[in-house]
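I opened this model to look up the ligand site, the domain division and the backbone geometry. My entries are below.

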Amino acid sequence: MHPDYDHLQKAAKDHLWMHFTRHSTYDHADVPIIVRGEGAYIWDAQGKRYLDGLAGLFVSQLGHGRTELADAAAKQARELAFMPLWSYAHPTAIELAERVASYAPGDLNRVFFTSGGGEAVETAWKLAKNYFKLTGKPMKHKVISRAIAYHGTTQGALSITGLPGLKAQFEPLVP
Ligand SMILES: Cc1ncc(COP(=O)(O)O)c(C=O)c1O
């Protein structure tokens with residue numbers, strides 16, 4: 001059992017607003033608390049082990065507890081905490097862009113960084129709209145998405161998500 005378990009339970013119920021969660025579920029039950037991970041496995045506060053088959057939300061495919069990744073993040077934080085790529089660049093952004101471009105096929109050679117999937121979807125959509133404005137088709141703005149396609153929870157990404165039940169409470173969304 002995690003040494004701070006009771007406090008964590010109470011604080012989670014009092015202060016933590018969880019994503020995609022019906023909070024009343026936890027009125028009479030404990031909030032599941034995951035405390036650590038190693039490789040493809042994670043452990044909860046009671047010591048139960050789970051296979052993290054979803055890799056977080058498809059973001060920790062390289063595994064939990066990778067000290068080389070933690071060290072790289074620590075090194076970067078010590079060197080330069082944050083720098084927006086608004087007219088300025090920094091070495092790690094340049095190097096990563098070059099590396100990602102080297103994996104991409106054909107003439108896909110430029111990388112635009114975002115902080116997550118929903119933002120990436122919105123950015124791609126905005127780029128497409130702008131492209132058609134610049135090439136003489138300013139009203140070409142429709143997006144076709146597949147039923148059940150999940151594209152994220154931000155307004156734009158949600159608008160092209162193909163899950164009506166996720167969208168209804170936030171309508172009207174982006175036309
Ligand atoms: C296909 C797809 N697009 C977009 C997203 C949204 O990504 P994020 O949660 O990082 O905004 C997800 C997240 O699960 C996804 O699976």
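The entries start with the basis of the model and then go to the ligand.

Basis. I worked from a predicted model, in which local features need pLDDT of at least 70, side-chain atom pairs count only at pLDDT 80 or more, and totals for chains, interfaces and linings use all residues. Residues are numbered from 1 along each chain as its sequence is written, and side-chain values use heavy atoms, with hydrogens and water left out.

Ligand shell. I listed the residues around the ligand (a heavy atom within 4 Å of it) and found Leu 57, Phe 58, Gly 116, Gly 117, Gly 118, Tyr 150, His 151 and Gly 152. I sorted this shell into 3 nonpolar, 5 polar and no charged residues; Ala, Val, Leu, Ile, Met, Phe, Trp, Tyr, Cys and Pro count as nonpolar, Asp, Glu, Lys and Arg as charged, and the others, Gly among them, as polar.

Polar contacts. I took pairs of N or O atoms within 3.5 Å. A backbone N or O atom lies 2.7 Å from a ligand oxygen in Gly 117 and 2.6 Å from a ligand oxygen in Gly 118. A polar backbone atom of Tyr 150 is 3.4 Å from a ligand nitrogen. I also noted that the ligand taken alone exposes 390 Å², of which the protein buries 61% (Shrake-Rupley method, 1.4 Å probe).

Elements. I find that α2 (55-58) and α5 (117-134) each give two or more residues to the shell around the ligand; helices are DSSP runs of H or I with at least four residues, numbered from the N terminus.

Domains. I read domain 1 as 5-58, domain 2 as 67-103 and domain 3 as 117-170, with bounds from an automatic or database domain assignment. The C-alpha centres of domain 2 and domain 3 lie 28 Å apart.

Backbone. Most residues other than glycine have a negative phi, and most peptide bonds are trans. I noted a positive phi of about 75° at Ser 87, in the loop between α3 (67-79) and α4 (91-103). The peptide bond from Glu 171 to Pro 172 is cis, with omega near 5°, and Pro 172 lies in the segment after α7 (164-167).

Definitions and conventions:
A polar contact is a pair of N or O atoms within 3.5 Å; within protein, one must be able to donate a hydrogen and the other to accept it, and residues adjacent in sequence count only if both atoms are side-chain atoms.
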